[in-house]
Amino acid sequence: MKIGFIGLGIMGKPMSKNLLKAGYKLVVYDIVQEAVKEVVAAGAEAGASPKDVASKTDIVITMLPNSPHVKTVILGKDGVIEGVQKGKIVVDMSSIAPAVSQEVGKALAEKGVEFLDAPVSGGEPKAIDGTLAIMVGGKEEVFNKVKDILLKMGSSAVLCGDIGAGNVTKLANQVIVALNIAAMSEAYVLATKAGVDPAKVFDAIKGGLAGSTVLNAKSPMVLEGNYKPGFRIELHIKDLQNALDTAHDIGVPVPLTSVVMEIFQALKVEGKAKEDHCGIIQFYEKLAGVKVRKKGV
Ligand SMILES: NC(=O)c1ccc[n+]([C@@H]2O[C@H](COP(=O)([O-])OP(=O)(O)OC[C@H]3O[C@@H](n4cnc5c(N)ncnc54)[C@H](O)[C@@H]3O)[C@@H](O)[C@H]2O)c1
């Protein structure tokens, strides 16, 4: 079984390396040569284009920033669709608009190629550990064929419905994560200005109802003023835009998502779009005139 992997960024690099570690043969491609070199050094073969990767492999995985990149790589000139053969499978693990997953799936189906949308949650640390949460849309028989491969990159892979359902689930995930980080930030700024050490607040509440994976992952970062990505603000803006568009298209008001989107936009104006999404706290720090730090930082 030969796997193609296209998109070797923060997530794609460790995910592809985990497939190599599991013993799969990989043909990889990215427009950034440094990224390709690194994964080739770990044992992969370099492809010349998405078309070339698809013509040499049984399953093609893509891990790209957003909908336009996925359309270019899969449906564009020298794209996967030009090299992939009937009966093969394409799995897009990027977080994109569900409507675009459906469009890509339809175009591939016309060539007799199967498609799954399979975005992930967990960020770079879980991509490195191979413990991502994977949410999938597509046919059950196709999902069953690739499940073992997905579980080399994640600790769970759940089929959520037809093509597009994976990305609808991911949008729900991104709304919950964004609102959680904003709530955490608001609370830590409140505690800090009230004179309570935010590190003590984290210690005291993490085992209670307010405890969460978001709180555990992001508290140590904000308490040190560390906004190194991780998950960039610009990518979360992309996800919330997809969430707002999808929600409004089907008649779902999402008031809290809109507020957090505007906070992200304010941070982008300040030049912070490439920082980790836990950088939201800087918006609250500025409003209240305090810095949230554990003692000694
Ligand atoms: N970083 C995270 O914590 C995280 C967590 C969960 C999901 N995601 C999602 O995973 C996807 C990838 O995220 P990332 O953080 O790895 O992004 P990234 O920007 O680090 O990586 C994307 C890669 O795609 C490559 N690329 C772009 N256009 C290309 C093209 N036309 N052909 C070939 N390669 C191309 C880029 O060069 C880059 O290496 C996004 O949809 C993101 O929302 C990211």
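**The ligand and its surroundings**

In this predicted model, three helices each contribute at least two residues to the shell around the ligand: α4 (67–75), α7 (123–129) and α12 (233–249). The shell also draws on both domains, with at least three residues coming from domain 1 (2–163) and at least three from domain 2 (168–288).

Which residues come nearest to the ligand? Of the 25 residues around it, these are I10, M11, D30, P65 and K238. In chemical character, the shell consists of 13 nonpolar residues, seven polar ones and five charged ones.

Several polar contacts may be traced to oxygen atoms of the ligand. The residue I10, already named among the nearest, places a backbone N or O atom 2.9 Å from a ligand oxygen. A backbone N or O atom of G9 lies 3.4 Å from an oxygen of the ligand. In the case of R232, the side chain takes part: one of its N or O atoms is 3.1 Å from a ligand oxygen. On its own, the ligand has 830 Å² of accessible area, and the protein covers 90% of this.

The cysteines may be considered next. How many disulfides does the structure hold? The number is zero. Two cysteines may be described by their accessibility. Is C278 buried or exposed? C278 is classed as buried because its relative accessible area is 0%, and buried means under 20%. C160, by contrast, has a relative accessible area of 36% and is therefore partly exposed, since that class lies between 20% and 50%.

Methods. Residues are numbered from 1 along each chain as its sequence is written. This is a predicted model: local features need pLDDT of at least 70, side-chain atom pairs count only at pLDDT 80 or more; totals for chains, interfaces and linings use all residues. Side-chain values use heavy atoms; hydrogens and water are left out. A residue is near a molecule or strand if one of its heavy atoms lies within 4 Å of it. A polar contact is a pair of N or O atoms within 3.5 Å; within protein, one must be able to donate a hydrogen and the other to accept it, and residues adjacent in sequence count only if both atoms are side-chain atoms. Accessible areas come from the Shrake-Rupley method with a 1.4 Å probe; for residues, only the protein chains shown count as cover. Helices (H or I, at least four residues) and strands (E, at least two) are DSSP runs, numbered from the N terminus. Ala, Val, Leu, Ile, Met, Phe, Trp, Tyr, Cys and Pro count as nonpolar, Asp, Glu, Lys and Arg as charged, and the others, Gly among them, as polar. Domain bounds come from an automatic or database domain assignment. A disulfide is a pair of cysteine sulfur atoms within 2.5 Å. Buried means under 20% relative accessible area, exposed over 50%, partly exposed in between (1.4 Å probe, protein chains only).
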